[in-house]
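Visitor: Please take me for a close look at one buried charged residue and its surroundings, and then lead me outward from there.

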Amino acid sequence: MTRGRTTEPATSRRGARLAVIVGLVALFLGSLLAGWTLADPAAFAGVVGGEVGPPAAAALPSGTAPAASVAPGATDPGPAGSTVPTAAPTASPVPTASPAPSPSPVPAVPAAMAARLARALARAEKSYLLPGVEATVIFADGSTWTGTRGMADVEAGRPVEPATPFAVASVTKTFTSALILRYVDQGKVRLDDRLARYVPDWPKAASITVRMLLNHTSGIPDFFLNPKMETALNKAKKHPWTAAEILEKYVQPGAIFAPGKGWAYSNTNYLLLGVIAEQVGGAPWTTLVRQELLEPLGLDATYVQHVETPSAEPARAYRVIVGNSGPVRQLRSDGTDVVPFTSVVTAAGSAGAIASTTGDLARWARALYGGSLLTQATRKEMLTFVRATWYGGITAYGLGVSRVKFQGRYAYGHNGALTGSRAAIRYFPKDKITIAVAFNRETFVGDDVVGALARALFPEPAASPSPGTSAAPTTAP
């Protein structure tokens, strides 16, 4: 007799196998009814005890190869106006606009780090004579610090709170860019589409591409630099402007340079991109931004000024004059809840009309630069930079995003400036840390406060020497 082993007839073994197969099929069918999908095979395999291979690569537009995002230290591709060929996109699965995943529960920011950030914000408030300032930092593990200082409304004695929205000006361009780039992912727009497809009567429209509008290499003059525009904005501060009025009356004739042959920051580019978005999306730009970006990401404190109701009473805008008797804060307002005033905000439109809190802005930057809002291929296009110059400083500009250095570390994002208001978002890809700031005075730029917080986050500069930040673009006339 053999010990430790038994035998059974072949028919019994076949019957047992058949029972197992029937059971697995029944369990699989039951799983479908329970809501599992083949997009998540681990949910099924985990229950039946099987193993699952690595997930398939994300679907990309037809004709493009999967590619990693641009490395933080990547060299600019060439002189302003250089482009990267893009295969014609076709309709393909587009990433869902959802917040970047974070551990649950989210850990707290260590007390020592929170104290360092609070001290840095207090120093910035004092050094830059800010009436009020708000800042949010999101760390790689999802832990979040938000700090506020000073007054949102000096006259009323209303302090800045985490729920206080600020006018974010040109940070709006990151939303308009993302809207267009999502249409690229959906196969509705091509980066090398000609402006003539959408605005056929525009000068040199057959030579200007969507890519050139996004990265400011179109050569189209900035309407905010037209002296007649500045006069009109200040003469009637409560007058609401439309993009059609601006594009028809206040873009000076001629070009700064031939399309694709230079770089010049121009708010006109982003008014035209708003027009393109409306044609493609079949709805007003405000509606498209809300439906495609704000609502899916849960950015409830973000809104388009003049068109939508403020999420809370916004911070007022100020001009600060320093004299012998100390700083004097001059309110910039038309008496409405549009900051700084209706004419300049509505003129900025899809180039600069959004208001938000730094909490929302930090979540937005994290989703845009560190999340899955765009396909890998389109995100690479967004982070392909051309050389750009602001006030003599050399920096880099992609598709609605600039790249600068703080403490020797590259960061993606954008500054925003309107009369009496400033904002900035910055995402550090190597450290996966996001900073968003906003304050209510002119003269300085958002990156000045970002730099103060970056020094608290990274006391020791990275190995490579930092050239410092460049002056930021502005939508202010």
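Guide: Let's start at Arg-158, which is buried at a relative accessible area of 16%; buried means under 20%, exposed over 50% and partly exposed in between, with a 1.4 Å probe and protein chains only. Please keep in mind that this is a predicted model, in which local features need pLDDT of at least 70 and side-chain atom pairs count only at pLDDT 80 or more, while totals for chains, interfaces and linings use all residues. Residues are numbered from 1 along each chain as its sequence is written, and side-chain values use heavy atoms, with hydrogens and water left out.

Arg-158 belongs to strand 3 (residues 158-159); strands (E, at least two residues) and helices (H or I, at least four) are DSSP runs numbered from the N terminus. Setting aside neighbours within four places in sequence, Arg-158 contacts Met-151, Ala-152, Asp-153, Thr-164, Glu-313, Pro-314 and Arg-316, where contact means heavy atoms within 4.5 Å. Several of these names return in a network of salt bridges that links Asp-153, Arg-158, Glu-313 and Arg-316. A salt bridge here is a side-chain nitrogen of Lys or Arg within 4 Å of a carboxyl oxygen of Asp or Glu. Within the network, Glu-313 and Arg-316 meet at 3.9 Å, N to O. Glu-313 is partly exposed at 45% relative accessibility, whereas Arg-316 is buried at 14%.

Moving outward, the whole structure holds 14 salt bridges. One of them joins Asp-193 to Arg-197, with the closest N and O atoms 2.7 Å apart; Asp-193 is buried at 9%, but Arg-197 is exposed at 52%. Another joins Arg-363 and Asp-360 at 2.4 Å between the closest N and O atoms. Both lie in helix 11 (residues 358-370), 3 residues apart, about one turn of the helix. An α-helix has 3.6 residues a turn, so residues three or four places apart point the same way. Here too the burial is split: Asp-360 is buried at 2% and Arg-363 is partly exposed at 41%.

Charges also meet rings. Arg-403 sits over the face of Phe-385, 4.8 Å from the ring centre, by the criterion that CZ of Arg or NZ of Lys is within 6 Å of the ring centre and within 35 degrees of the ring normal. Phe-385 is itself part of a cluster, linked through ring pairs with Tyr-369 and Tyr-412. Rings of Phe, Tyr and Trp (its six-membered ring) pair if their centres lie within 6.5 Å, and planes under 30 degrees apart count as stacked, over 60 as edge-to-face and the rest as tilted.

Tyr-369 leads us into the largest nonpolar core, of 89 residues, where Leu-195, Trp-202, Leu-214, Trp-364, Tyr-369 and Met-382 touch the most other members. Such a core is a set of buried Ala, Val, Leu, Ile, Met, Phe, Trp, Tyr and Cys residues joined through side-chain atoms within 4.5 Å. Not counting residues up to four places away in sequence, Met-382 touches Leu-181, Leu-368, Tyr-369, Leu-374, Gly-398, Leu-399 and Val-401. Another core, of 30 residues, lies apart from it and includes Ala-135, Ile-433, Ile-435 and Val-437.

Our last stop is helix 4 (residues 172-185): 14 of its 14 residues are buried, so the rest of the structure largely encloses it. Just after helix 4, Gly-187 adopts a positive phi of about 80°.
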